[in-house]
Amino acid sequence: MCSGGTLSILRSDSYADLSQYRDQHFRGTRYDQERLLRKSCTLYVGNLSFYTTEEQIHELFGKSGDIKKVIMGLDKVKKTACGFCFVEYYARGDAENAMRYINGTRLDDRIIRTDWDAGFKEGRQYGRGRSGGQVRDEYRQDYDAGRGGYGKTVQCQ
């Protein structure tokens with residue numbers, strides 16, 4: 001006979017669990033954010049190549065279930081892809097399958113990562129970095145052809 005603690009461990013699905021990441025710009029309490037994350041059908045997809053297309057995202061993530069929409073992340077100045085997107089499914093189970101089977105796979109020669117998102121709101125498709133792209137790309141020291149070469153701070157030196 002299993003104790004309650006053991007049984008809950010057996011039912012745990014680490015792919016469907018919440019990560020430690022939280023959107024710092026979320027308006028509401030941490031409790032509100034976690035409640036939304038637990039029922040969300042939306043995934044944040046990061047570490048994409050700047051050359052990955054919406055069609056490629058649809059093809060890969062569509063293997064997990066019916067996609068409601070894909071929102072590509074854009075540089076807020078240039079309006080070009082900047083390495084992330086949101087994938088919204090119709091059903092939570094389909095999003096959980098994407099977390100389970102697609103997170104950590106290779107797309108456009110890059111290891112992509114997925115995370116739960118509390119739900120897309122207009123304006124979140126734009127990079128939050130000073131130069132318009134993602135913040136992490138501004139400070140990257142290495143050369144990454146899939147993400148536009150060197151980081152912005154290195155390019156400006």
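Below is a short conversation about a predicted model and the reasoning behind some of its labels.

User: Before the details, how much confidence does the predictor place in the protein chain?

Analyst: The chain averages a pLDDT of 78, and 65% of the residues score at least 70. Among the elements, helix H3 (residues 54-61) has the highest mean, 97, while helix H1 (residues 4-11) has the lowest, 43. Over residues 1-12 the pLDDT is below 50, and this stretch has three contacts in the model beyond near neighbours in sequence. Where pLDDT is low, the predicted coordinates should not be read in detail.

User: Thanks! Now helix H4: which of its residues are buried, and what makes them line one face?

Analyst: In H4 (residues 92-101), the buried ones are Arg92, Asp94, Ala95, Ala98 and Met99. Looking down the helix axis, these buried residues fall within an arc of 165°, so they line one face of H4. Their cover includes helices H2 (30-39) and H3, together with strands E1 (42-46), E3 (81-89) and E6 (113-117).

User: And why is Gly93 called partly exposed?

Analyst: Gly93 is in helix H4 too. Its relative accessibility is 36%, and partly exposed covers what is neither under 20% nor over 50%, so Gly93 gets that label. Gly93 also has a C-alpha 8.3 Å from that of Gly65, although the two are 28 residues apart in sequence.

User: How do you know that Arg92 sits over the ring of Trp116?

Analyst: Arg92 lies over the face of that ring, at 3.7 Å from its centre. The distance cut-off is 6 Å, so 3.7 Å satisfies it.

User: On to the aromatics: what makes Phe84 and Phe86 an edge-to-face pair?

Analyst: Theirs is a good case to work through, in a structure that holds four aromatic pairs. The ring centres of Phe84 and Phe86 are 5.9 Å apart and the planes stand at 90°. Pairing needs centres within 6.5 Å, and planes over 60 degrees apart count as edge-to-face, so this pair qualifies on both values. Both residues are buried.

User: Why is the pair of Phe86 and Phe120 called tilted instead?

Analyst: Here the centres are 5.3 Å apart and the planes are at 55°. Stacked would need under 30 degrees and edge-to-face over 60, so with 55° the pair is tilted. Phe86 belongs to strand E3, and Phe120 to the loop between E6 and helix H5 (135-139), so the pair ties together parts that are 34 residues apart in sequence. Tyr44, Phe84, Phe86 and Phe120 form one aromatic cluster.

User: How do you know that Phe86 and Phe120 are buried?

Analyst: The cut-off for buried is under 20%. Phe86 has a relative accessibility of 2%, so it counts as buried. Phe120 has 18%, so it is buried as well.

User: What is notable about the phi of Lys79 and of Asp109?

Analyst: Lys79 has a phi near 60°, a positive value in a residue other than glycine. Asp109 is not a glycine either, yet its phi is positive at about 65°. Lys79 is found in the loop between strand E2 (67-74) and E3, whereas Asp109 is in the loop between strands E4 (106-107) and E5 (110-111).

User: Why do Lys79 and Asp109 get their exposure labels?

Analyst: Exposed requires over 50%. Asp109 has a relative accessible area of 64%, so it is exposed. Lys79 has 46%, so it is partly exposed.

Conventions: Residues are numbered from 1 along each chain as its sequence is written. This is a predicted model: local features need pLDDT of at least 70, side-chain atom pairs count only at pLDDT 80 or more; totals for chains, interfaces and linings use all residues. Side-chain values use heavy atoms; hydrogens and water are left out. pLDDT is the predictor's confidence in each residue, from 0 to 100. Helices (H or I, at least four residues) and strands (E, at least two) are DSSP runs, numbered from the N terminus. Contact means heavy atoms within 4.5 Å. Buried means under 20% relative accessible area, exposed over 50%, partly exposed in between (1.4 Å probe, protein chains only). The arc is that of the directions from the helix axis to the C-beta atoms. Rings of Phe, Tyr and Trp (its six-membered ring) pair if their centres lie within 6.5 Å; planes under 30 degrees apart count as stacked, over 60 as edge-to-face and the rest as tilted. A charge sits over a ring if NZ of Lys or CZ of Arg is within 6 Å of the ring centre and within 35 degrees of the ring normal.
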